Amino acid sequence: MRLRAAYLAAGLGAVMMAGPGAAVAGCSGPFQFPVEDLDQSVFRQVLEVTRDEIERFFDFTFDAFCMDDEEYGAYYDIRANTLVVGTQFFLDVANPPGNINRAIGVIAHEAAHAFQTKHGLLNMLIETNPHRVKCIELHADFLAGGYMGWRARQYDIDVSKMTEMFFDLGDDMTQNDGHHGLGPERFLSFRQGFNTVTDDEITLSSMGIAYVSQAKCD
Ligand SMILES: [Zn+2]
């Protein structure tokens with residue numbers, strides 16, 4: 001979600017230039033530790049189950065799922081193939097009780113970047129429009145929505161809390177290369193994905209690309 005522009009640029013460079021074997025396995029950051037080592041057992045359990053489900057849904061396997069005590073946000077580390085979530089950020093998003101699905105929505109958005117990387121979509125989405133970060137981000141919001149819609153068949157999910165959060169995550173920096181999308185655009189992308197009923201991730205992604213292209217990302 002808070003995939004910073006600079007970070008994304010670095011990640012894209014790694015995708016395009018680094019060959020196989022460049023990956024570093026495990027939670028390698030100085031303040032990182034695996035989710036399995038988390039103290040709060042309830043959250044640990046939720047996160048472990050979420051990772052399993054997300055990997056199944058997106059047909060993708062992370063090398064590690066890490067908490068980071070110094071990061072305030074979440075990101076997919078392309079080089080290490082790890083999903084990283086700031087510990088305090090996670091607690092803030094998941095609280096007060098009843099908001100755990102918001103945190104899972106953020107994690108799903110980051111997992112969507114892993115899916116995009118696996119399928120070579122980062123380059124393709126960049127070619128769609130010069131507002132490249134925004135195309136990638138709105139597509140990730142759509143995929144996160146699709147996952148949460150799928151999840152809503154098993155769990156009780158208040159979609160208004162989710163759409164509210166994606167609205168709030170929007171930014172107004174339309175002239176900035178790191179612009180992720182306006183609040184209404186992010187909210188709509190997420191909701192469109194949520195309302196797309198499919199358990200096939202490739203179909204979901206194609207529909208997301210069609211949606212993003214239509215929105216022209218600008
Ligand atoms: Zn993102």
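A residue counts as buried here if 20 or more other C-beta atoms lie within 10 Å of its own. By that yardstick, 43% of the 218 residues of the chain are buried. The model is a predicted one, so everything below is read off computed coordinates.

Start with the overall layout. The chain has nine helices and four strands, and from the N terminus on the elements go α-β-α-β-β-β-α-α-α-α-α-α-α. Contacts reach a fair way along the sequence: taking those between residues at least 6 apart, 66% join residues at least 24 apart.

The four strands make up an open sheet with mixed pairing, in the order β1-β2-β4-β3. The edges go to β1 (32-34) and β3 (74-77); each has a single partner strand, so one side of each is left without a neighbour in the sheet. On average, and ignoring direction, neighbouring strands here are turned by 30° against each other. In general, strands of a sheet pair through backbone hydrogen bonds, either parallel or antiparallel.

Now for the β3 edge. Strand β3 runs antiparallel to β4 (residues 82-86), and four bridges join the two. Across this pair, A74 sits opposite V85, while D77 sits opposite T82. The hairpin that links β3 and β4 has four residues between the strands, and N81 takes a positive phi near 55° there. Being at the edge of the sheet does not leave the faces of β3 bare: A74 and Y76 on one side are buried, and so are Y75 and D77 on the other. Helix α4 (residues 100-118) lies across β3 and β4, and runs at about 20° to β3.

One residue of β4 is worth a closer look. Setting aside neighbours within four places in sequence, L83 is in contact with F62, F65, C66, Y76, I107, E110, A111 and A114. L83 also turns up in the largest nonpolar core, which has 54 residues; together with I107, A108 and A111, L83 touches the most other members. Helix α6 (residues 132-151) gives the most to this core, with eleven residues. Domain 1 (5-118) and domain 2 (121-215) both contribute residues, so the core lies between them. As a rule, nonpolar side chains in soluble globular proteins tend to be buried together.

Conventions. Residues are numbered from 1 along each chain as its sequence is written. This is a predicted model: local features need pLDDT of at least 70, side-chain atom pairs count only at pLDDT 80 or more; totals for chains, interfaces and linings use all residues. Two strands pair if DSSP finds at least two bridges between them. Axes are lines fitted to C-alpha atoms, for helices over the stretch in contact, and angles run from 0 to 180 degrees between N-to-C directions. Two residues are in contact if their C-beta atoms, placed from the backbone, lie within 7 Å. A residue is buried if 20 or more other C-beta atoms lie within 10 Å of its own, exposed if 12 or fewer, and partly exposed in between; C-beta atoms are placed from the backbone. A nonpolar core is a set of buried Ala, Val, Leu, Ile, Met, Phe, Trp, Tyr and Cys residues joined through C-beta atoms within 7 Å. Domain bounds come from an automatic or database domain assignment.
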